[in-house]
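User: I'd like to see the reasoning behind the labels on this one. Please set the values against the cut-offs as we go.

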Amino acid sequence: MPSTGSRLRVTEQDGITRISFVDRNILDDANIQQIADEILRIIDERHEPKVLISFENVDHLSSAALGRLIIINNRIKAKNGQLRLADIHKQIYEVFVITKLTNLFRICETSDQALASLA
Amino acid sequence: MTGAPQPETRAFTESFVIGVGRKEEIRRTLEAVLGEVAARAYDTGACFAIRLALEEALANAIRHGSGNDPSKRVTIECRVDRNEVVISIEDEGPGFDPAAVPDPTTEENLQLPSGRGIMLMRSFMTEIAFSARGNRVRMIYRRPEAG
């Protein structure tokens, strides 16, 4: 049964929105859609959004989720905002390397580094 | 004192035919197959690779092959032993030409929100091959030390 609760943890700090995930596996199409819609809503509510997405809890990520991240990145850019990805597990980072999405996203090793680069 | 559980030495061979609309059953089947892999002492990297390829192949079969039509079925066949994991996934769709899928890593395609699943399956598995019609994919993960 689809979940109706939020799939995100969202905090604000010094004008930066930090987003992390409730789910360890971001694989199911319906979940991915819900997560992307939530993030896009957050972006739409902000002027020049500075967003950090942390993958610290995430063990698995599908290619459909990568597609949504691209859409999120484009939406943030269209609003003259900035996006950082951080805390990506080694194996998921390999997915970004293989797909060359390391060329598209600003990826930081830790949330602290990402926050510093957005400040 | 009891030691760690011994890895399963027998091969696991099974075939599943599941309706596309039965998402929970598909998920349970996927977890069962991955459980058989884990029981044969494949390491974390191997389990990650096999899950990723299985998830991507199933998503393709459901989304593209079956057009999310709940009346269609997917067939999952697997054989898991200590040396390799062989998984075939077949849908009832018309098939496709995998060679026609554009390379998602070129500069002009990098922004495309789809088209990365097959590339990931190829990267993380030892072998993958499509049937001539393109509605069936067979993937093998071979444990590196098995040669």
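Analyst: First, the yardstick: a residue is buried under 20% relative accessible area, exposed over 50%, and partly exposed in between, using a 1.4 Å probe and protein chains only. This is a predicted model, where local features need pLDDT of at least 70, side-chain atom pairs count only at pLDDT 80 or more, and totals for chains, interfaces and linings use all residues. Residues are numbered from 1 along each chain as its sequence is written, chains are lettered from A and ligands numbered from 1 in the order written, and side-chain values use heavy atoms, with hydrogens and water left out.

User: Why is A:Asn73 called buried?

Analyst: Its relative accessibility is 6%, which is under the 20% limit, so A:Asn73 counts as buried. A:Asn73 sits in helix 2 of chain A, residues 63–78; helices here are DSSP runs of H or I with at least four residues, strands are E runs of at least two, and both are numbered from the N terminus.

User: What does A:Asn73 touch, beyond its neighbours within four places in sequence?

Analyst: A:Leu83, A:Leu104 and A:Phe105. Contact means heavy atoms within 4.5 Å.

User: What makes A:Gln91 partly exposed?

Analyst: A:Gln91 comes out at 26%, between the 20% and 50% cut-offs, so partly exposed is the right label. A:Gln91 belongs to helix 3 of chain A, residues 90–98. With neighbours within four places in sequence set aside, A:Gln91 is in contact with B:Thr44, B:Gly45, B:Phe48 and B:Phe124. Its C-alpha is also 8.6 Å from that of A:His60, a residue 31 positions away along the chain.

User: And why is A:Asp14 called exposed?

Analyst: A relative accessible area of 72% is over 50%, so A:Asp14 is exposed. A:Asp14 is in the loop between strand 1 (8–13) and strand 2 (16–21) of chain A. Its phi is near 50 degrees, a positive value in a residue other than glycine.

User: Where does B:Ala41 sit, and why is it labelled partly exposed?

Analyst: B:Ala41 is in the chain B loop that joins helix 1 (23–38) to helix 2 (44–65). At 40% relative accessibility, B:Ala41 lies between 20% and 50%, so it counts as partly exposed. B:Ala41 is also a residue other than glycine with a positive phi, near 60 degrees.

User: How do you know how many disulfides there are?

Analyst: The search over all chains finds zero. B:Cys47 is in no disulfide, and the nearest cysteine sulfur, in B:Cys78, is 14 Å away. A disulfide needs a pair of cysteine sulfur atoms within 2.5 Å, so for B:Cys78 the closest cysteine sulfur, that of B:Cys47, is too far for a bond at 14 Å.

User: Are those two cysteines buried or partly exposed?

Analyst: B:Cys78 has a relative accessible area of 4%, so it is buried. B:Cys47, at 23%, counts as partly exposed.

User: What makes chain A agree with a compact globule?

Analyst: For 119 residues the globule rule gives a radius of gyration near 14 Å, and chain A has 13 Å, which agrees. The radius is taken over C-alpha atoms, and the rule is 2.2 Å times the number of residues to the power 0.38. The C-alpha trace of chain A spans about 35 × 30 × 25 Å along its principal axes, and 50% of its residues are buried. Chain A has four helices and seven strands, in the order β-β-β-α-β-β-α-β-α-β-α from the N terminus. Of its contacts between residues at least 6 apart in sequence, 70% join residues at least 24 apart.

User: How does chain B compare with the globule value?

Analyst: Chain B agrees too: for 147 residues a compact globule would be near 15 Å, and chain B has 16 Å. Its C-alpha trace spans about 60 × 40 × 25 Å along the principal axes, and 43% of its residues count as buried. Chain B has three helices and five strands, running β-α-α-β-β-α-β-β from the N terminus. For contacts with a separation of 6 or more in chain B, residues 24 or more positions apart account for 64%.
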